[in-house]
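Colleague: Please pick one part of this model and take me through it closely. Start wide, then zoom in, and keep the sentences short.

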Amino acid sequence: MRHPKVLTTSLAATLGLGLAAALGAPTASAAPADTTVATAGHAAYAGSAEDARATKAFHEAVMKSVAKKRAANPSAAAVTVVYSAANAPSFRTQIARSTQIWNSSVVNVRLVEGSNPDFRYYEGNDSRGSYASTDGHGNGYIFLDYRQNQQYNSTRVTAHETGHVLGLPDHYSGPCSELMSGGGPGTSCQNAQPNAQERARVDQLWRNGLASAVKNF
């Protein structure tokens, strides 16, 4: 749920000590230098081709990681995506809620915290806000910005960024009832649940997309 002004290819996750002190924020966990970023923003921002490519690249990085594991165990009934929240200790509650929301909303993919993760959560201060990204080495991560998570419903921010993991693009002009509208509806929006269309899209992606990823791995 990033501010729409900036879409860059380098991560500036430097901790602003003054701001951190004012917010009571802990020391930031440094995220890897990112090469592809999927953003979210406000209503005035309608997205771009670059933004769409970033979201697709992030989803494909996670899917490739999962496909590698599935290739080693092709008979597994469920598609499991493993994450690590070790580098975002301040957001463990929100990450757990986001995981619960998505796991109760879709049937073809399941998020589980564990070792050898397919993606990681990080936290800190960044003028661009929260975002999903790839590090250029086939790995995905989500960065959660302190200030933005105080301005917006933090579970919504986390669930929104996790939606990128599952393959959903931003749709800033959507209503509050649409999770991937991000910051578009404003800070008063409290909804952290994907709507029916978003749930169906994720199930479609992981039913059809993963089969293709495993085949081409």
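Modeller: The chain has 217 residues, and 52% of them are buried. Keep in mind that this is a predicted model. The chain holds six helices and six strands. Read from the N terminus, the elements run α-β-α-β-α-β-β-β-β-α-α-α. Contacts over long stretches of sequence matter for the count: of the contacts with a separation of 6 or more, 69% join residues 24 or more positions apart.

Now zoom in on strand β2 and its partners. Strand β2 covers residues 80–87 and runs parallel to β3, with four bridges joining the two. How does the chain get from one to the other? From β2 it passes through helix α3, residues 92–105, and then reaches β3; this β-α-β crossover is right-handed. One matched position is easy to find: Val81 stands opposite Leu111 in β3.

Strand β2 also pairs with β4. Here too the sense is parallel, and three bridges make the pairing. Look for Tyr83: its bridge partner in β4 is Phe119.

Next, the aromatic rings. There are six aromatic pairs in the structure. One of them is Tyr83 with Phe119, a tilted pair with 6.0 Å from centre to centre and 35° between the planes. This pair links distant parts of the chain, since Tyr83 sits in strand β2 and Phe119 in strand β4, 36 residues apart. Both Tyr83 and Phe119 are buried. Tyr83 also pairs with Tyr121: the ring centres are 5.6 Å apart and the planes stand at 90°, so this pair is edge-to-face. Tyr121 is in strand β4 as well, 38 residues from Tyr83 in strand β2. Tyr121 is buried, like Tyr83. Put the three together: Tyr83, Phe119 and Tyr121 form one aromatic cluster.

Which residue of the loop beside this strand touches Tyr83? It is Pro117. Pro117 lies in the loop between β3 (110–113) and β4 (119–124). Is Pro117 buried or exposed? The cut-off for buried is under 20% relative accessible area. Pro117 has 17% relative accessibility, so it counts as buried. Beyond its neighbours within four places in sequence, Pro117 contacts Lys69, Val82, Tyr83 and Ser84. Gly140 is another residue to place: Pro117 and Gly140 are 23 residues apart in sequence, and their C-alpha atoms are 9.4 Å apart in space.

Step back to the core. In soluble globular proteins, nonpolar side chains tend to be buried together. The largest nonpolar core here has 32 residues, and the ones with the most contacts inside it are Val81, Trp102, Phe119 and Trp206. Two or more residues each come from α2 (49–72), β2, α3, β4, β6 (140–145), α5 (154–165) and α6 (196–216). Helix α2 gives the largest share, four residues. Val81 is the residue you met opposite Leu111, and Phe119 is the bridge partner of Tyr83.

What does Trp206 touch? Leaving aside neighbours within four places in sequence, its contacts are His59, Met63, Val66, Val79, Val81, Asn108, Val109, Val165 and Leu166. So Trp206 is in contact with Val81, another of the residues with the most contacts inside the core.

Go back to helix α3, which the crossover passes through. Ser98 lies in this helix. At 0% relative accessibility, Ser98 counts as buried. Leaving out neighbours within four places in sequence, Ser98 contacts Thr155, Thr158, Ala159 and Thr162.

One last feature is a covalent link. A disulfide is a covalent bond between the sulfur atoms of two cysteines. The count comes to one disulfide. Cys176 and Cys189 form it, with their sulfur atoms 2.0 Å apart. The torsion about the S-S bond of Cys176 and Cys189 is about 85°, so the disulfide is right-handed. Both Cys176 and Cys189 are in the loop between α5 and α6, 13 residues apart. How do the two cysteines compare in burial? Cys176 is partly exposed, with a relative accessible area of 26%. Cys189 counts as buried, at 4% relative accessibility.

Terms used
Residues numbered from 1 in each chain as written. Predicted model: local features only at pLDDT ≥ 70, side-chain atom pairs only at ≥ 80, totals over all residues. Heavy atoms only, no water. Buried < 20%, exposed > 50% of the residue type's maximum accessible area, 1.4 Å probe, protein only. Contact = heavy atoms within 4.5 Å. Pairing = 2+ DSSP bridges. Right-handed = clockwise from strand over helix to strand, strands pointing away. Core = buried A, V, L, I, M, F, W, Y, C linked by side-chain atoms within 4.5 Å. Disulfide = S-S within 2.5 Å. Phe/Tyr/Trp six-rings, centres within 6.5 Å; stacked < 30°, edge-to-face > 60°.
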